[in-house]
Structures are given as C-alpha cells and as structure tokens.
Amino acid sequence: MIQQKLRLFGILVVGALVAPQTKAATISIVNGDFETGGLADNSNSAFPGVIPTGWSAVPGAGPGGSFFGYYIPINDAGGYVSGVSGSPGITGTMAGPNVFYFGSSVSGQGIQQTLTATFLANTDYTLTVARGTRNGDYNNTLRMMLLAGSTVLTTRDVAPEPAGSRGTFLDYSTTYTYSAANAGLVGQALTIRFLEIDNAVGRTGGEVDIDNVRLVPEPSSASLLMAGIGGLVALRLRRKS
C-alpha cells in the first residue's frame with residue numbers, strides 16, 4: 001500500500017514537471033508607474049489635489065483636500081526619503097521619479113483602477129506595489145486590495161517600516177490563490193485598490209506613498225497538477241504507440 005502511494009505521488013510530481021507552465025498574458029495597468037500626467041523630471045515639489053491619470057477615487061472614500069497627488073521625492077530637505085538625488089531621482093523599487101501620495105484627516109480613503117482584464121478560472125494573482133516610508137513620523141498603513149467585481153479576492157495591510165529601515169521604497173505583495181468557491185466571479189472585471197489606514201485610533205495626518213504597481217497572473221497549482229497528469233498520460237500513450 002505504501003509503495004503504491006509513493007508510486008502515485010511520483011507520477012503526480014513528474015506529471016506536474018512535464019506539464020506546460022506558460023504564464024497568462026501580462027495584465028496591463030494604466031499609469032502603474034504614475035509618470036503620466038505627473039511632474040517634470042528633477043522637480044522638487046508636489047502636484048496636490050490630483051488623481052493620477054487612469055485611476056479614480058474609491059467611491060465614497062476618495063482622498064480629500066490637497067492631501068494627495070503626484071510627487072517627486074528628489075532632494076527633499078524635509079527628509080521625505082533618503083538617497084534620492086540627480087535624474088531621474090529613483091530610489092529602491094520606484095519606477096520613474098513620480099510617486100503618488102495620499103492621506104487625509106479621515107482613515108480608509110484612496111484610489112483604485114478597474115482593469116480591462118477579467119477574473120479567470122484556475123488562475124492565481126499576485127498584486128505588487130512599491131511602498132515608500134518616510135524618514136520622519138509621517139507614515140500610515142497602506143491597505144492593498146484586489147477585487148473581482150465587488151468581491152475582495154485578497155487584501156494586505158502594510159505598516160511603515162521601523163525607524164532604522166526607513167527612507168526608501170520596498171516591494172510588497174499580496175497573492176490570491178484560486179478557489180472553486182469563486183467560480184461564479186469568472187468574467188468579472190478585476191479592480192486594484194489602495195487605501196490609507198491611520199495607524200492609531202484618533203490619529204490624523206500622515207500619508208501613504210506608492211509607485212510601480214504590478215499585477216501578475218499565473219496558472220493555479222491545481223490546474224498545473226491536472227495538466228501534469230494529462231501530460232504524463234499523453235507521454236505514456238506516445239510511448240505505447
């Protein structure tokens with residue numbers, strides 16, 4: 001019995017290895033680097049009150065006042081980020097000099113983008129963003145979300161880095177693993193959403209800073225396993241013939 005189970009396990013592993021493992025087409029995000037409509041290179045100023053091109057305010061929870069917009073954190077004497085100088089003024093995992101900053105007196109506000117891509121069956125999704133952490137105490141938590149229609153597929157809260165690790169942009173990701181329970185969502189548009197969350201009850205002020213948004217689809221592990229089994233069966237049939 002044990003030998004039979006081991007043999008079956010070996011077949012499944014080999015099948016998965018011989019299965020085709022091509023990724024789905026790259027998902028397009030409009031202005032995912034926040035360069036379109038932003039500031040000129042080598043600027044050292046904010047462009048407040050502007051929702052980036054291709055993005056929109058979260059319905060009922062858009063950033064208010066002038067506490068949001070494009071920004072180039074280059075040579076900022078206020079200690080926005082360290083190690084940023086010259087052209088194009090990139091540090092960490094930024095993509096181009098412009099970033100988007102947002103935050104206000106109300107927690108849980110932000111931007112989103114509904115993509116042309118739709119939710120696919122047997123597909124996992126990984127949402128990645130470069131999150132900036134200031135040197136000073138001006139940081140709040142970033143909530144990153146991926147939705148299919150109005151259903152949240154995956155979400156993650158990213159707190160500011162500790163004081164000793166501040167001053168740059170680092171990548172953070174959240175991954176959705178396909179579940180048959182969500183089969184009814186197939187065909188619904190995917191939406192990327194980012195919110196600013198106050199770190200402490202009653203705290204106001206502070207911002208969140210993001211750049212270089214990416215969304216990568218991959219075949220789910222279950223679908224790869226089934227494809228592997230099919231590949232192994234086909235291989236055996238070819239050998240017999």
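The dialogue below walks through the fold, the sheets, the core and a few single residues of a predicted model.

Visitor: Before looking at details, how many helices and strands should I expect, and how do the elements run from the N terminus on?

Guide: The protein has 2 helices and 11 strands, and from the N terminus on the elements run α-β-β-β-β-β-β-β-β-β-β-β-α. Of its 241 residues, 41% count as buried. Among contacts between residues at least 6 apart in sequence, 78% join residues at least 24 apart.

Visitor: Which order do the strands take in the sheet of 6 strands?

Guide: This is an open sheet with antiparallel pairing, and its order is β1-β3-β4-β11-β6-β9. The edge strands are β1, residues 46–48, and β9, residues 168–176, each of which pairs on one side only. On average, neighbouring strands in this sheet are turned by 30° against each other, with direction ignored.

Visitor: How many bridges hold the pairs that start from β1, and which residues stand opposite each other?

Guide: Strand β1 is joined to β3, residues 68–71, by 3 bridges in an antiparallel arrangement, and the partner of Pro 48 in β3 is Gly 69. Strand β3 is in turn joined to β4 by 4 antiparallel bridges, with Phe 68 opposite Phe 102 of β4. Moving one step along the order, β4, residues 99–102, pairs with β11, residues 208–219, over 3 bridges in the antiparallel sense, and here Tyr 101 stands opposite Asp 209 of β11.

Visitor: What is the order of the sheet of 5 strands, and which strands stand at its edges?

Guide: The order of this open sheet, which also has antiparallel pairing, is β2-β5-β10-β7-β8. Strands β2 and β8 (151–158) stand at the edges with a single partner strand each, so one side of each is left without a neighbour in the sheet. Inside the order, β7, residues 141–148, and β10, residues 189–197, run antiparallel and are joined by 8 bridges, with Ala 148 opposite Leu 190 of β10.

Visitor: How should I read a pair of aromatic rings?

Guide: Such a pair is described by the distance of the ring centres and the angle of the planes. In this model the count comes to 9 aromatic pairs. One of them joins Phe 100 and Phe 102, at 5.3 Å centre to centre and with 20° between the planes; the pair counts as stacked because planes under 30 degrees apart are classed that way. Ring pairs also link Phe 34, Trp 55, Phe 100, Phe 102 and Phe 194 into a cluster.

Visitor: Are Phe 100 and Phe 102 buried or exposed?

Guide: Phe 100 has a relative accessible area of 0% and is buried, and Phe 102, at 0% relative accessibility, counts as buried too; the cut-off for this class is under 20%.

Visitor: Which residues have the most contacts inside the largest nonpolar core?

Guide: That core has 31 residues, and those with the most contacts inside it are Phe 119, Leu 190, Ile 192, Phe 194, Ile 210, Val 213 and Leu 215. Taking Leu 215 as the example, and leaving aside neighbours within four places in sequence, its contacts include Ile 27, Ile 29, Leu 115, Leu 146, Leu 190 and Ile 192.

Visitor: What does the side chain of Thr 128 contact through polar atoms, and how accessible is the residue?

Guide: Thr 128 is found in strand β6, residues 123–133, and is buried, with a relative accessible area of 11%. Its side chain and that of Ser 173 are joined by a polar contact of 2.6 Å. Beyond four places away in sequence, Thr 128 touches several residues, among them Met 144, Asp 171, Tyr 172 and Asn 212.

Visitor: Where do Gly 62 and Ser 28 lie, and how accessible are they?

Guide: Gly 62 is found in the loop between β2 (56–57) and β3, where it is partly exposed at a relative accessible area of 22%. Leaving aside neighbours within four places, Gly 62 is in contact with Ala 57, Gln 109 and Gly 110, while its C-alpha atom is separated by 9.3 Å from that of Gln 112, 50 residues apart along the chain. Ser 28 is in the loop between α1 (2–18) and β1 and, at 52% relative accessibility, counts as exposed. The C-alpha atoms of Ser 28 and Arg 214 are separated by 8.5 Å, although the two residues are 186 apart along the chain.

Technical notes: Residues numbered from 1 in each chain as written. Predicted model: local features only at pLDDT ≥ 70, side-chain atom pairs only at ≥ 80, totals over all residues. Heavy atoms only, no water. Phe/Tyr/Trp six-rings, centres within 6.5 Å; stacked < 30°, edge-to-face > 60°. Buried < 20%, exposed > 50% of the residue type's maximum accessible area, 1.4 Å probe, protein only. Pairing = 2+ DSSP bridges. Axes fitted to C-alpha atoms, helices over the stretch in contact; angles between N-to-C directions. Polar contact = N/O pair within 3.5 Å; in protein donor to acceptor, adjacent residues only side chain to side chain. Contact = heavy atoms within 4.5 Å. Core = buried A, V, L, I, M, F, W, Y, C linked by side-chain atoms within 4.5 Å.
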